[in-house]
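Trainee: I would like to test some of the labels used for this model. Shall we go through them one by one?

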Amino acid sequence: MNSLETASWARRILALVVDWFASSLVVVLILGPGRFFADQSKHPDPLPGMLTLLVFVLETALLVTLAGGSFGQLATRLRVVRFDGSGRPVPFLPSLARSILVIAVIPPLVFRPDGRGLHDLMARTATVTLQTARGGQGTHRG
């Protein structure tokens, strides 16, 4: 069994906020601020919210596969690594499934004592600090 120390929830939440802000900014650039910030009570428009979710899922899945973490995770010095300790990149399909589970909200909130949520268990990954990812050191939290 691997002995990676998972990252704190505070850093993970900060990374999520950074990712959501970045995804929203991309959608503002695509749709324009007028449509993104339009008064939803007068003219409901689901497109900005749906597009933000899509950008978030694609951004996190692609960057986890290509760079080892989403934009927010990279900015907060976190990485998503394979739990098997192989050091190989996380494949795209497990990264995509992991991202979809994150937007479902419940899977990240149901977690083991070692800090791995259902989304990490399904993808066989762990969210760790950059220091842990580079050194492969640490012990399970629990």
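Mentor: Start with helix α5, residues 92-103, and keep in mind that this is a predicted model.

Trainee: How do you know that the length of α5 agrees with its 12 residues?

Mentor: Take 1.5 Å times one less than the number of residues. For the 12 residues of α5 that gives an expected 16 Å, and the end C-alpha atoms are 17 Å apart, so the two agree.

Trainee: Which residues of α5 are buried?

Mentor: S95, R98, S99 and V102. Each of them has under 20% relative accessible area, because that is what buried means.

Trainee: What makes the buried residues of α5 line one face?

Mentor: Look down the axis of α5. The buried residues fall within an arc of 100°, so they line one face of the helix.

Trainee: What comes just after α5?

Mentor: V105, with a positive phi of about 70°. V105 sits in the loop between α5 and α6 (106-109).

Trainee: Why is the phi of V105 worth a remark?

Mentor: The value is positive, and V105 is not a glycine. Most residues other than glycine have a negative phi.

Trainee: Why is V105 called partly exposed?

Mentor: Its relative accessible area is 47%. Partly exposed runs between 20% and 50%, so V105 belongs there.

Trainee: And R124, what makes that residue exposed?

Mentor: R124 has 64% relative accessibility, and the cut-off is over 50%, so R124 counts as exposed. R124 lies in the loop between α7 and β2. Its phi is also positive, about 55°, although R124 is not a glycine.

Trainee: Now α1. How do you know that its span agrees with 23 residues?

Mentor: At 1.5 Å a residue, α1 should span 33 Å. Its end C-alpha atoms are 32 Å apart, so the values agree. Just after α1, G32 takes a positive phi of about 90°.

Trainee: Which residues of α1 are buried, and what covers them?

Mentor: The buried ones are R12, A15, D19, A22, S23, S24, V27 and V28. Their cover includes α2, α3, α4, β1, α7 and β2.

Trainee: Take α1 and α3. How do their axes cross?

Mentor: The axes of α1 (residues 9-31) and α3 (residues 47-67) come within 8 Å and cross at roughly 125°. That angle is over 115 but not over 145 degrees, so α1 is oblique to α3. The crossing is right-handed.

Trainee: Which residues meet there?

Mentor: From α1, they include W20, V27 and L31. From α3, they include L47, L51 and F56.

Trainee: Why are α3 and α5 called oblique too?

Mentor: They pack at about 140°, with their axes 8 Å apart. Roughly antiparallel needs an angle over 145 degrees, so α3 and α5 are oblique to each other. Their crossing is right-handed. Among the residues that meet are F56 and T60 in α3, and S95, S99 and V102 in α5.

Trainee: One last residue, L47 in α3. What makes it partly exposed?

Mentor: L47 has 34% relative accessibility, between the 20% and 50% cut-offs, so L47 counts as partly exposed. Leaving aside neighbours within four places in sequence, L47 is in contact with L31 and R35. The C-alpha atoms of L47 and V27 are separated by 9.6 Å, and the two residues are 20 residues apart along the chain.

Conventions
Residues numbered from 1 in each chain as written. Predicted model: local features only at pLDDT ≥ 70, side-chain atom pairs only at ≥ 80, totals over all residues. Heavy atoms only, no water. Helix = DSSP H or I, 4+ residues; strand = E, 2+ residues; numbered from the N terminus. Buried < 20%, exposed > 50% of the residue type's maximum accessible area, 1.4 Å probe, protein only. Arc of directions from axis to C-beta. Axes fitted to C-alpha atoms, helices over the stretch in contact; angles between N-to-C directions. Parallel < 35°, antiparallel > 145°, perpendicular 65-115°, else oblique. Left-handed = near helix turned anticlockwise from the far one by under 90°. Contact = heavy atoms within 4.5 Å.
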